[in-house]
Amino acid sequence: MTTVNDILAYMDTLAPKYMKMEWDNVGLLCGSSNQPVKTILVALDPFEDVCQEAIEIGADLIVTHHPIIFGNLRALTDETATGRAILSLARHGISAINAHTNLDCAPGGVNDVLASMLGLQDVQIINPSGTDGQGRPWGLLRMGYVPQQSLEDFLDEVKATLQCDGLRYAGERPVEKVAVGG
């Protein structure tokens, strides 16, 4: 039977914990590492509605990008959204794990996928933090190039590719060099 710890071990092969930013909180944040896992709910954020959906589908584990516990948690009560979410998961025996900045930094992770989706060429890591066990550099931000185009054309392409309604931006110069960070 697959356990939470097995899922964590696999995730560590994709986005090792040592790649997280110092201030971040990743890994098992709620539940038991020995818990058997049959059903997993994957989501961006561990909001209350996500936790409720996990309960409704009978999930044993939620895997999110953003952590359920972030910052200084001083109390665990039903008076906050975070408290309600964690208490709800605990009552139903659902564990919660996440890969946040470690997945952003990892080779092949969020920022490499984002750079690829946007068609960036000659992608480099801005200020690499180190190299992984395979000798690949890792770090938070990526930078690459697109054929020179108007800002408007580039933004239209970004909106279409990422399926978003709008973007915040500054400037009006043509685009050729692009940095991304998830």
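## Around Asp45

Contact here means heavy atoms within 4.5 Å. With that in hand, Asp45 touches Val50, Thr64 and His66, not counting residues up to four places away in sequence. Keep in mind that this is a predicted model. Asp45 itself sits in the loop between strand 2 (40–43) and helix 2.

What does the side chain of Asp45 make a polar contact with? The partner is the side chain of His66, at 2.5 Å. There's no salt bridge for Asp45, even though this residue is buried. If you go looking for the nearest side chain of opposite charge, you end up at Arg168, 15 Å away.

## Salt bridges

How many salt bridges are there? The count comes to three. Let's start with Glu48 and Arg84, whose side chains meet with an N to O distance of 2.9 Å. This pair links distant parts of the chain, with Glu48 in helix 2 (residues 48–57) and Arg84 in helix 3 (residues 81–91), 36 residues apart. Glu48 is partly exposed, at a relative accessible area of 34%, and Arg84 counts as partly exposed too, at 31%.

Next up are Arg142 and Asp112, which form a salt bridge at 2.5 Å, N to O. Here again distant parts of the chain are linked: Arg142 belongs to strand 8 (residues 141–149) and Asp112 to helix 5 (residues 110–117), with their positions 30 residues apart. Is Arg142 buried or exposed? Arg142 counts as buried, at 0% relative accessibility. Its partner Asp112 counts as partly exposed, at 24%. That leaves Asp132 and Arg136, joined by a salt bridge at 2.7 Å, N to O. Asp132 counts as buried at 10% relative accessibility, while Arg136, at 33%, counts as partly exposed.

## Tyr145 on strand 8

Strand 8 also holds Tyr145, which is partly exposed with a relative accessible area of 30%. Leaving aside neighbours within four places in sequence, Tyr145 is in contact with Gly119, Leu120, Gln121 and Asp122, and also with Glu176 and Lys177. Take Asp122 from that list: Tyr145 and Asp122 are 23 residues apart in sequence, yet their C-alpha atoms are 6.5 Å apart in space.

## Cysteines without a bond

You'll find zero disulfides in this structure. Why is Cys30 not bonded to Cys51? The sulfur of Cys51 is the closest cysteine sulfur to that of Cys30, but at 8.0 Å it's too far for a bond. The cut-off for a disulfide is 2.5 Å between the sulfur atoms. Seen from the other side, Cys51 is in no disulfide, and its nearest cysteine sulfur is that of Cys30, 8.0 Å away. Cys30 counts as buried, at 8% relative accessibility, and Cys51 is buried as well, with a relative accessible area of 1%.

## Two nonpolar cores

The largest nonpolar core has 17 residues, and those touching the most other members are Ile62, Ile68 and Leu89. Which elements each supply at least two residues of this core? They are strand 1 (27–30), strand 2, helix 2 and helix 3. Helix 2 gives the largest share, with four residues.

Ile68 is worth a closer look. Not counting neighbours within four places in sequence, Ile68 is in contact with Leu29, Pro46, Cys51, Thr82, Ala85, Ile86, Leu89 and Ala96. Another core lies apart from the largest one; it has twelve residues, including Ala115, Val146, Leu151 and Val180.

## Helix 3 and what covers it

Back to helix 3, where Gly83, Ala85, Ile86, Ser88 and Leu89 are buried. Of these, Ala85, Ile86 and Leu89 also turn up among the contacts of Ile68. What covers the buried residues of helix 3? The cover includes strand 1 and helix 2, along with strand 3 (61–64) and strand 4 (95–98). After helix 3 comes Gly93, with a positive phi near 65°.

Definitions and conventions
Residues numbered from 1 in each chain as written. Predicted model: local features only at pLDDT ≥ 70, side-chain atom pairs only at ≥ 80, totals over all residues. Heavy atoms only, no water. Salt bridge = Lys/Arg side-chain N within 4 Å of Asp/Glu carboxyl O. Buried < 20%, exposed > 50% of the residue type's maximum accessible area, 1.4 Å probe, protein only. Lys, Arg positive; Asp, Glu negative; His and termini not counted. Polar contact = N/O pair within 3.5 Å; in protein donor to acceptor, adjacent residues only side chain to side chain. Core = buried A, V, L, I, M, F, W, Y, C linked by side-chain atoms within 4.5 Å.
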